Amino acid sequence: MEFKDSAADAVFRSEVRAFIEAELPAPLRVIAPEWGTFNTRRGRGMDSEAGNEWRQKLAARHWLAPHWPKEYGGAGLDIGRQFIFNEEMALHRAPGVGGIGVGWAGPTIMAYGNDEQKGRFLPNIVSGNETWCQGFSEPGSGSDLASLQTRAIRDGDEYVVNGQKIWTSGAHHSQWMILLARTDPEAPKHKGISYFLLDMKTPGIQLQPLINMLGDYSFNQVYFDNVRIPRANLLGEEHRGWYIGATTLDFERSSIAASTSMALIVRDLAAWVRESGRPLSRVRARAELPPGRRAARRGSTTTSLRLVRRNG
Ligand SMILES: Cc1cc2nc3c(=O)[nH]c(=O)nc-3n(C[C@H](O)[C@H](O)[C@H](O)COP(=O)(O)OP(=O)(O)OC[C@H]3O[C@@H](n4cnc5c(N)ncnc54)[C@H](O)[C@@H]3O)c2cc1C
């Protein structure tokens, strides 16, 4: 197999490179080896005004969803071109775009959604107008996801949801959530789950931030108190959500686009250790954090302790 760019691929690579160099908004540019270089969040800065600008510029080129079929507004790139696109984005340290909506909620809707759902949701994902989060994990249901306890009880044309999710990345700036909830508690655990498309503005949803050890706010706990979801937002068949969720997780696990940016982080880290002469253990301590970030980190420790106590 030949891994070199063909002549046509090289032209495409130059096109992507020129676009990023001209259009990536200044606040999103990262000059190595700044402290932020070690930040593994590919979506860094995407919840800012500059992030919105970048999202819209990519969407205008159909590059917000380079892998989506053209019929749904994607660029329809083949695997080789997707790799080139992702590689150039990573090499320029351009923040990853699309996230859960483009990466796996949208493709799951393509696979299981009815025409109404495809028409309502896909154009808003591919244009960058609506972003998504993923309500799967629960405090007692991580690896054993099928044991999830959040309940959705049918009430006429609606479902009423009660329960809790955890590790919900980006819930605080997402308009929609893909949600797994138990609709039949009597059935074997894999057969009583349904898959919902939930509007995050629905009354009864409460977020509690989870701040990570770097002081970043990217996760949440999400609480549902009698949250009503229209039946029209059930994806696929009732009680078959486990199997639809498995499709979502297949799409999620195929997200290997981060490989180049991860390789860059390791390279930067090695350079930092070599140049600073500091032991690797100091990286974890984040001695290089600017003062504002250190303060955020102290605050997060308090938050975490409170949560630990609360969860018993
Ligand atoms: C960066 C990041 C972002 C995430 N974002 C989201 C999100 O947006 N939405 C969402 O729903 N979830 C999200 N998650 C959660 C994630 O997808 C997993 O559900 C969760 O991390 C695994 O569950 P847990 O943390 O409860 O670990 P556990 O299930 O408690 O597992 C802890 C450890 O025990 C091991 N283990 C578990 N069961 C067994 C067993 N039977 N035998 C042997 N070993 C076992 C596991 O391999 C692991 O090492 C995110 C996680 C990360 C790290």
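A polar contact is taken here as a pair of N or O atoms within 3.5 Å. With that cut-off in hand, the predicted model can be read from the ligand outwards. The backbone of W167 offers a polar atom 3.1 Å from a nitrogen atom of the ligand, which therefore counts as a polar contact. Taken alone, the ligand exposes 980 Å², and the protein buries 37% of that area.

Two further pairs join the picture. At Q134 it is again the backbone that takes part, with a polar atom 2.8 Å from a nitrogen atom of the ligand. At S143, by contrast, the side chain supplies the polar atom, which lies 2.7 Å from an oxygen atom of the ligand. Besides Q134, W167 and S143, the surroundings of the ligand include F136, S137, G142, T168, S169 and F219. By residue class, this shell comprises six polar and three nonpolar residues, with no charged residue.

Turning to the strands, strand 3 (residues 158-166) pairs with strand 2 (residues 151-155) in an antiparallel arrangement held by five bridges. Within this pair, Y159 of strand 3 stands opposite R154. Two residues separate the strands of this hairpin, and G156 adopts a positive phi near 65° there.

Strand 3 also runs antiparallel to strand 7 (residues 217-230), to which eight bridges join it. One of the pairings places I166 with Q221 of strand 7 as its bridge partner. Strand 7, spanning residues 217-230, brings the description back to the ligand, since F219 is one of the residues that surround it.

Conventions: Residues numbered from 1 in each chain as written. Predicted model: local features only at pLDDT ≥ 70, side-chain atom pairs only at ≥ 80, totals over all residues. Heavy atoms only, no water. Near = heavy atom within 4 Å. Polar contact = N/O pair within 3.5 Å; in protein donor to acceptor, adjacent residues only side chain to side chain. Areas by Shrake-Rupley, 256 points an atom, 1.4 Å probe, with all protein chains shown as cover. Nonpolar A, V, L, I, M, F, W, Y, C, P; charged D, E, K, R; others polar. Pairing = 2+ DSSP bridges. Helix = DSSP H or I, 4+ residues; strand = E, 2+ residues; numbered from the N terminus.
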